[in-house]
Amino acid sequence: MEISTRTLVQSRPLNSPEAALAKGMIEASRLPDGYEAQLQTDMTAFPKRWLERFKENDVSVAVLKDDQTLADTPILHSLEESQISEIVSQGKPLVEKAIEEVFGPLRGQPDEDYQKYQATGILQEKIHDLSNQTGLGFTAEVGRDALDLRYLGEKMGFDPEYDPESFERWKTAFTDMNEKLGQVQDGTFKPQDGVYVVPYLMYRGKTARALSLPSYQSVTGLQFQNNLGANYPENRLVILHESVVPNPSPRAGNHRVALHELGHMVDWICKELPETKDTHEQKVNELYQIGMERKSLITDRARDSAGEMMAEAVEAYLTTEEPGNFYKPENYRENLQKSYPELYNYVDYLINLA
Ligand SMILES: [Zn+2]
């Protein structure tokens, strides 16, 4: 694929420090040739200082194909050895405390077994809360039957045949964490009270926190059939569908979706920057209100909300007019400056903040 810089008010070559900063933010796998380079190039429309700010804020730009989820990108890191040890050493006492709190009062009661049976859901919930609060990410499962650990391990993504080392390490962690929840004998776990803990699991060759994997998997490329991209500012995460990366893109033409989504991130970061945090939100709301009254906002998307206005304005500020552009052809710097000088001036100030 040919890399285009035509739409951008400025860009830097791939061997520049700016492009290196951009590359460090991109989380993608199996992209067609040239896609990453185009995305890097687009991102260098931002001044270096903003690329540094994105980095300081741990901003990631994930690119998804239709058949991928976030868990398929490098954004899902394999757990380090020390993190696995932490799950066991810090998680085990938490699990035992939860068992004590829920089952302790039931011991010795005439219908103890029945009461415990009734309380397994509560115990499971309590374990999940503790796991969530501490970020350790283990889960509790309900089950009364004896479990063959090889079978359970396979269900959790391990392959005892081809990667016995990973499986054995997991089995050791499992046995340790479940000490008070049942007994392991000859590779079989016999649950005592109908609950067992999964310390972590394996997903496509990476060890992962059992509690957080589903949230990674819930963001799929297919969701971007309608939306071209998305941003999760709290998670410092921008997601693009791969189809919006080339320039022109079959779906967004010369409009640079990456710059729009990073525009949301600029807006978000400005709420926290020392120079702007006290005034930014009010300023943006005012600009939005005035822009709506005067009909100065140049795209439909910008009229949706103050946040969308900012994202569109950042994209416009960093791009030039493209003859024949079929998607948001009106969203470019000169038009922004002409249609709404106050918004242009404010974005100009933000983007050039030293
Ligand atoms: Zn947006």
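User: Where does Asp58 lie in this chain?

Analyst: Asp58 lies in the loop between α3 (48-56) and β2 (60-64). Keep in mind as we go that this is a predicted model.

User: What makes Asp58 count as exposed?

Analyst: A residue is exposed if 12 or fewer other C-beta atoms lie within 10 Å of its own. Asp58 has 10 of them, so Asp58 is exposed.

User: What is there to say about phi of Asp58?

Analyst: Phi of Asp58 is near 60°, a positive value in a residue other than glycine. Arg30 also has phi near 60°, again positive in a residue other than glycine. You will find Arg30 in the loop between β1 (26-27) and α2 (35-43).

User: Why is Arg30 called exposed?

Analyst: Arg30 has 12 other C-beta atoms within 10 Å. The limit for an exposed residue is 12 or fewer, so Arg30 is exposed.

User: And how do you know that Asn15 is exposed?

Analyst: Asn15 has 7 C-beta neighbours inside 10 Å, and 12 or fewer is what the term asks for, so Asn15 counts as exposed. Its place is in the segment before α1 (17-25). If you look for Thr5 from there, Asn15 and Thr5 are 10 residues apart in sequence, and their C-alpha atoms are 15 Å apart in space.

User: Is Asn331 buried or exposed, and what makes it so?

Analyst: Asn331 has 25 other C-beta atoms within 10 Å. A residue is buried from 20 or more, so Asn331 is buried. Asn331 is found in the loop between α12 and α13 (333-339).

User: Which residues does Asn331 touch?

Analyst: Leaving out residues up to four places away in sequence, Asn331 touches His255, Ile298, Thr299, Glu312, Glu315 and Ala316. Take Thr299 as an example: Asn331 and Thr299 are 32 residues apart in sequence, while their C-alpha atoms are 6.7 Å apart in space.

User: Let's turn to the whole chain. How many helices and strands does the chain have?

Analyst: The chain has 14 helices and 11 strands.

User: Why is the chain called more spread out than a compact globule?

Analyst: For 354 residues the globule rule gives 20 Å, and the chain's radius of gyration is 26 Å, well over that, so the chain is more spread out than a compact globule. Along its principal axes, the C-alpha trace spans about 80 × 45 × 35 Å. Of the 354 residues, 41% are buried.

User: Now for some helix pairs. Why are α4 and α7 called roughly parallel?

Analyst: Two packed helices are described by the angle between their axes and the distance between the axes. The axes of α4 (residues 81-103) and α7 (residues 164-177) come within 9 Å and cross at roughly 15°. Angles under 35 degrees count as roughly parallel, so α4 and α7 are roughly parallel to each other. Their crossing is right-handed. On the α4 side the contact is made by Ile84, Ile87, Val88, Gly91, Lys92 and Val95, and on the α7 side by Ala173, Asp176 and Met177. By class these divide into 6 nonpolar, 1 polar and 2 charged.

User: What makes α10 roughly antiparallel to α14?

Analyst: The axes of α10 (residues 280-294) and α14 (residues 341-351) come within 10 Å and cross at roughly 155°. Over 145 degrees counts as roughly antiparallel, so α10 is roughly antiparallel to α14. This crossing of α10 and α14 is left-handed. Lys283, Leu287 and Gly291 of α10 make the contact with Glu342, Leu343 and Tyr346 of α14. They divide into 3 nonpolar, 1 polar and 2 charged.

User: How do you know that α9 and α12 are oblique?

Analyst: Their axes come within 7 Å and cross at roughly 120°. Roughly perpendicular covers 65 to 115 degrees and roughly antiparallel begins over 145. An angle of roughly 120° falls into neither class, so α9 and α12 are oblique to each other. The crossing of α9 and α12 is right-handed. Among the residues making the contact are Leu259 and His260 of α9, and Gly307 and Met310 of α12. By class the contact of α9 with α12 has 5 nonpolar, 4 polar and 4 charged residues.

User: One last detail: which residues does a cis peptide bond join?

Analyst: A cis peptide bond joins Asn247 and Pro248, with omega about 0°. Pro248 is found in the loop between β11 (237-241) and α9 (257-270).

Technical notes:
Residues numbered from 1 in each chain as written. Predicted model: local features only at pLDDT ≥ 70, side-chain atom pairs only at ≥ 80, totals over all residues. Helix = DSSP H or I, 4+ residues; strand = E, 2+ residues; numbered from the N terminus. Rg over C-alpha atoms; globule rule 2.2 N^0.38 Å. Axes fitted to C-alpha atoms, helices over the stretch in contact; angles between N-to-C directions. Left-handed = near helix turned anticlockwise from the far one by under 90°. Contact = placed C-beta atoms within 7 Å. Nonpolar A, V, L, I, M, F, W, Y, C, P; charged D, E, K, R; others polar.
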